[in-house]
Amino acid sequence: MQTNTYPDGPRLLADIGGTNARFALEPAPGAIQAVRTLACADHARFEDALRFYLAGTQRLHGARVRHAVIAIANPVDGDAIRMTNHHWAFSIEAARRALGLETLLVVNDFTALAMSLPALRPGDLAQVGGGAPLAGSAIGLVGAGTGLGVSGLVPSGERWIPLNSEGGHVAFSPLDEREVTVLRHAWQRYDHVSAERFVSGPGLVLIREALAMSRGMAPDRDLSPSDIVTRGLSGGDALSLEAIDCFCGMLGTVAANLAVTLGARGGIYIGGGVVPRLGAYFVASPFRPRFERKGRFSEFTARIPTWLITAPYPALQGASAILDDHLAWTQATAPRMRTEAAHA
């Protein structure tokens with residue numbers, strides 16, 4: 001039996017995207033267990049998905065959960081949460097009470113993922129291209145999934161400060177004629193075309209559709225992002241492979257823009273669900289050449305390493321660190337607040 005378990009019971013960790021919600025229990029520091037992935041579409045509300053998970057795990061583990069942290073693919077600003085890429089909407093405080101929790105902390109998913117970066121080991125990463133990190137420098141993070149997540153870490157003494165960013169919604173910037181063609185196609189549908197419109201799972205579908213229509217071909221809108229990856233990498237669909245190629249170049253531009261914006265000499269990390277599915281193709285793709293194609297700053301970006309995150313549950317690790325800091329701060333300030341109230 002573990003002797004370093006949390007005295008107030010296991011903590012619940014969650015990583016919620018636009019498609020899937022991943023839940024886990026952490027009975028002791030760093031001991032992430034009972035990981036389960038649920039399809040968001042299978043549950044009408046966030047609270048329903050969490051209850052469903054807890055019902056299953058508590059039958060096995062028995063212990064009551066008092067503290068929870070949710071990393072969610074959405075801006076977090078105040079009590080009201082309304083997901084950008086899914087229909088779930090909830091009040092944090094109302095959900096906390098309804099679920100019987102003492103603590104329900106909700107943070108942006110890429111803020112949580114950023115907090116995991118300093119703890120990742122060499123086996124959790126795959127370097128793409130050259131470059132070496134410069135100690136004490138900012139770190140950038142970008143990842144394509146249902147949407148496009150962006151964050152980073154800024155050093156502050158012995159600690160790191162995560163950036164609560166929605167950088168995936170910056171305006172898309174094309175870098176060649178093919179990308180201009182794709183952008184023109186998207187302009188027919190959207191007033192504002194963000195980087196996320198292309199550098200995401202749904203973006204792969206839009207890129208392939210734009211390429212097909214620009215050549216007088218049927219767009220085949222029934223294809224999913226997974227279909228495009230499978231067909232493209234199998235060698236049986238040249239247009240799907242070109243869409244993947246275009247996607248990787250666009251991701252390189254996004255990563256390079258983040259690198260020069262943050263001065264991220266500590267490196268750029270690639271997360272999200274799309275790129276890992278590309279396997280070895282991604283290493284040889286246009287991503288790294290595009291990352292280093294930065295005009296007068298090409299030499300600058302060439303010195304910056306880029307890594308693909310291969311760890312299985314990094315956002316859960318980061319969410320755990322955020323919850324631990326929050327509870328430590330709460331416990332440290334509680335005696336002072338009680339003393340001040342007694343003397344008021």
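Which residue just after H6 takes a positive phi? Gly235 does, at about 90 degrees. The close-ups below all come from a predicted model, and this glycine turns up again in the second one.

**Figure 1. The whole chain, before zooming in: 11 helices and 13 strands.** The radius of gyration is 21 Å, close to the 20 Å that the globule rule gives for 344 residues, so the protein is as compact as a globular protein of that length. Lined up along the principal axes, the C-alpha atoms fill a box of roughly 70 × 45 × 45 Å. Of the 344 residues, 49% count as buried. Take the contacts between residues at least 6 apart in sequence, and 67% of them join residues at least 24 apart. As for the surface, the protein exposes about 16,000 Å², with carbon and sulfur atoms supplying 54% of that area. On the charge side, there are 31 positive and 31 negative charges, and their mean positions lie 1 Å apart.

**Figure 2. Helix H6, with its buried side and the face turned away from it.** H6 runs over residues 225-234, and its buried residues are Ile228, Val229 and Gly232. These three cover an arc of only 95 degrees around the axis, which puts them on the same side of H6. The helix repeat is handy to keep in mind here: an α-helix has 3.6 residues a turn, so residues three or four places apart point the same way. What do the buried residues of H6 pack against? Their partners are two helices, H5 (201-214) and H7 (238-262). Swing round to the face turned away from the buried side, and you meet the exposed residues Thr230 and Ser234. Just past the end of the helix sits Gly235, with its positive phi of about 90 degrees.

**Figure 3. Val193, a buried residue in a loop.** The loop in question links helix H4 (177-187) to H5. Val193 has a relative accessible area of 5%, under the 20% cut-off, so it counts as buried. Leaving aside residues up to four places away in sequence, Val193 touches Val170, Ala171, Phe172, Leu183, Ala186, Trp187 and Phe198. Leu183 is worth picking out from that list: it sits 10 residues from Val193 along the chain, and their C-alpha atoms are 7.6 Å apart.

**Figure 4. Asn257 on helix H7, partly exposed.** H7 is one of the helices that the buried residues of H6 pack against. Is Asn257 buried or partly exposed? With a relative accessibility of 27%, it counts as partly exposed. Once residues up to four places away in sequence are set aside, Asn257 touches Ser173 and Lys294. Thr301 can be shown in this view as well: 44 residues separate it from Asn257 in sequence, while the C-alpha to C-alpha distance is 9.5 Å.

**Figure 5. Ala34, a non-glycine with a positive phi.** The angle is about 50 degrees. Ala34 is found in strand E3, which spans residues 33-39. Its relative accessible area of 29% makes the residue partly exposed.

**Figure 6. Asp220, another non-glycine with a positive phi.** Here phi is about 55 degrees. Asp220 has its place in the loop between H5 and H6, and H5 is one of the helices met in the H6 close-up as a packing partner. Where does Asp220 fall on the accessibility scale? The residue is partly exposed, with a relative accessible area of 34%.

How values were computed:
Residues are numbered from 1 along each chain as its sequence is written. This is a predicted model: local features need pLDDT of at least 70, side-chain atom pairs count only at pLDDT 80 or more; totals for chains, interfaces and linings use all residues. Side-chain values use heavy atoms; hydrogens and water are left out. Helices (H or I, at least four residues) and strands (E, at least two) are DSSP runs, numbered from the N terminus. The radius of gyration is taken over C-alpha atoms; the globule rule is 2.2 Å times the number of residues to the power 0.38. Buried means under 20% relative accessible area, exposed over 50%, partly exposed in between (1.4 Å probe, protein chains only). Contact means heavy atoms within 4.5 Å. Accessible areas come from the Shrake-Rupley method with a 1.4 Å probe; for residues, only the protein chains shown count as cover. Lys and Arg count as positive and Asp and Glu as negative; His and the chain ends are not counted. The place of a charge is taken as NZ of Lys, CZ of Arg, CG of Asp or CD of Glu. The arc is that of the directions from the helix axis to the C-beta atoms.
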